[in-house]
Amino acid sequence: MATRLQELFANSRIVAGLLVNLLSSICIVFVNKWIYVHYGFPNMSLTLVHFVVTWLGLYVCHKMDVFAPKSLRPARIVLLALSFCGFVVFTNLSLQNNTIGTYQLAKAMTTPVIIVIQTVYYKKTFSYRIKLTLIPITLGVILNSYYDVRFNLLGMIFATLGVLVTSLYQVWVGAKQHELQVNSMQLLYYQAPMSSAFLLTLVPFFEPLMGEGGIFGPWSFPALAMVLISGVIAFLVNLSIYWIIANTSPVTYNMFGHFKFCITLLGGYVLFQDPLSLHQGLGILCTLLGILAYTHFKLAEQEEGKSRLVQRP
């Protein structure tokens, strides 16, 4: 009986963690889009709020013994902190200037770009079947963008920059975690305040501080409440991703990611009346099939690798 209760409690915690990640990951897209469309809050200032709230949230987690910080030299994570700024700012600019469908599909291009970076600069090899999955992913993104009736050249430039910087950031995070022997929360604990400091110095050059449209401007209470909610949700996204990776399998994490991908696309068409043509639908389906195939082959190769290690004497 006690064992059953323990299993039920463990399963309930996993379900709760997955639900928090599902709701926060979807809500952050819709809440940010709502802030841009209805309040026009400046992008970099919103990102700065996210970073500050994330750092404060991590500080509270540290005090509650959720994780133990590891001492790191600032010089070793400066580039990582700068790329963290870039990827969040450009991703948010992509969301601000594109439909949710185009924004979400553009993010799918991160996988092909990471593979190119790792192949060219880190001499990492990928199987033929993994490389083949990049064709439907890329083709689907091109199809959706070409037939998007709200196509925005500036939005596509931001989406492209977002994909490039995000890919670099993800590659560097993996390398830094291995190099410094830290987990994602320990790394983020140092990244977030450093990235906040970088943005704090940049915001005055790109966005007003006071007056209409400035971070300290005469915003209504609903606008400020939405910005604060957005910051809290951004923290929950980071925290729940870490928790899911630590407490579930790679299969669960990836399959859950595909589910969020579909729900976010659907929500964009329902909440913001984003137009969807037949060709765009085919593009989305093509990209989703490519992502599913990539995940299937990647996980299969990981299992094969583990089997070989077990079989070695």
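The questions and answers below concern a predicted model of a single chain.

User: Which pattern does the chain follow when read along the sequence?
Analyst: In this predicted model, the chain has 11 helices and 0 strands. Read along the sequence, the pattern is therefore built from helices alone, given that the chain has 0 strands, and it runs α-α-α-α-α-α-α-α-α-α-α.

User: What percentage of the contacts between residues at least 6 apart in sequence join residues at least 24 apart?
Analyst: The chain has 313 residues, of which 45% count as buried. Among its contacts between residues at least 6 apart in sequence, the share that joins residues at least 24 apart is 86%.

User: Are α2 and α3 parallel, antiparallel, perpendicular or oblique to each other?
Analyst: Helix α2 (residues 43–63) and helix α3 (residues 78–97) pack with their axes 10 Å apart and at an angle of about 130°. Angles of 65 to 115 degrees count as roughly perpendicular and those over 145 as roughly antiparallel, and the angle of about 130° falls in neither class. The crossing of the two helices is right-handed, and by their angle α2 and α3 are therefore oblique.

User: How do the residues of the contact of α2 with α3 divide into nonpolar, polar and charged?
Analyst: From α2, the residues Asn43, Met44, Thr47, His50 and Phe51 meet a set in α3 that consists of Phe84, Cys85, Val88, Val89, Asn92, Leu93 and Gln96. Taken together, the residues of this contact divide into 7 nonpolar, 5 polar and no charged.

User: Which helices each supply at least two residues of the largest nonpolar core?
Analyst: The largest nonpolar core has 51 residues, and those that touch the most other members are Val29, Ile35, Phe41, Leu58, Leu187 and Leu199. Each supplying at least two residues of this core are α1 (2–38), α2, α3, α4 (100–107), α7, α8 and α9 (221–247).

User: Leaving aside neighbours within four places in sequence, which residues is Phe41 in contact with?
Analyst: Phe41 is one of the residues that touch the most other members of the largest nonpolar core. Another core, of 15 residues, lies apart from that one and includes Ala108, Phe261, Ile284 and Leu288. Once neighbours within four places in sequence are left aside, the contacts of Phe41 are Ile35, Tyr36, Leu46, Ile215, Trp219 and Val227.

User: Is Gln181, with its positive phi, buried or exposed?
Analyst: Most residues other than glycine have a negative phi. Gln181, although not a glycine, has a positive phi of about 55°, and it is found in the loop between α7 (153–180) and α8 (184–206). Its relative accessible area is 54%, and because over 50% counts as exposed, Gln181 is exposed.

Technical notes. Residues are numbered from 1 along each chain as its sequence is written. This is a predicted model: local features need pLDDT of at least 70, side-chain atom pairs count only at pLDDT 80 or more; totals for chains, interfaces and linings use all residues. Side-chain values use heavy atoms; hydrogens and water are left out. Helices (H or I, at least four residues) and strands (E, at least two) are DSSP runs, numbered from the N terminus. Buried means under 20% relative accessible area, exposed over 50%, partly exposed in between (1.4 Å probe, protein chains only). Axes are lines fitted to C-alpha atoms, for helices over the stretch in contact, and angles run from 0 to 180 degrees between N-to-C directions. Angles under 35 degrees count as roughly parallel, over 145 as roughly antiparallel, 65 to 115 as roughly perpendicular and the rest as oblique. A crossing is left-handed if the near helix is turned anticlockwise from the far one by less than a right angle, and right-handed if clockwise. Contact means heavy atoms within 4.5 Å. Ala, Val, Leu, Ile, Met, Phe, Trp, Tyr, Cys and Pro count as nonpolar, Asp, Glu, Lys and Arg as charged, and the others, Gly among them, as polar. A nonpolar core is a set of buried Ala, Val, Leu, Ile, Met, Phe, Trp, Tyr and Cys residues joined through side-chain atoms within 4.5 Å.
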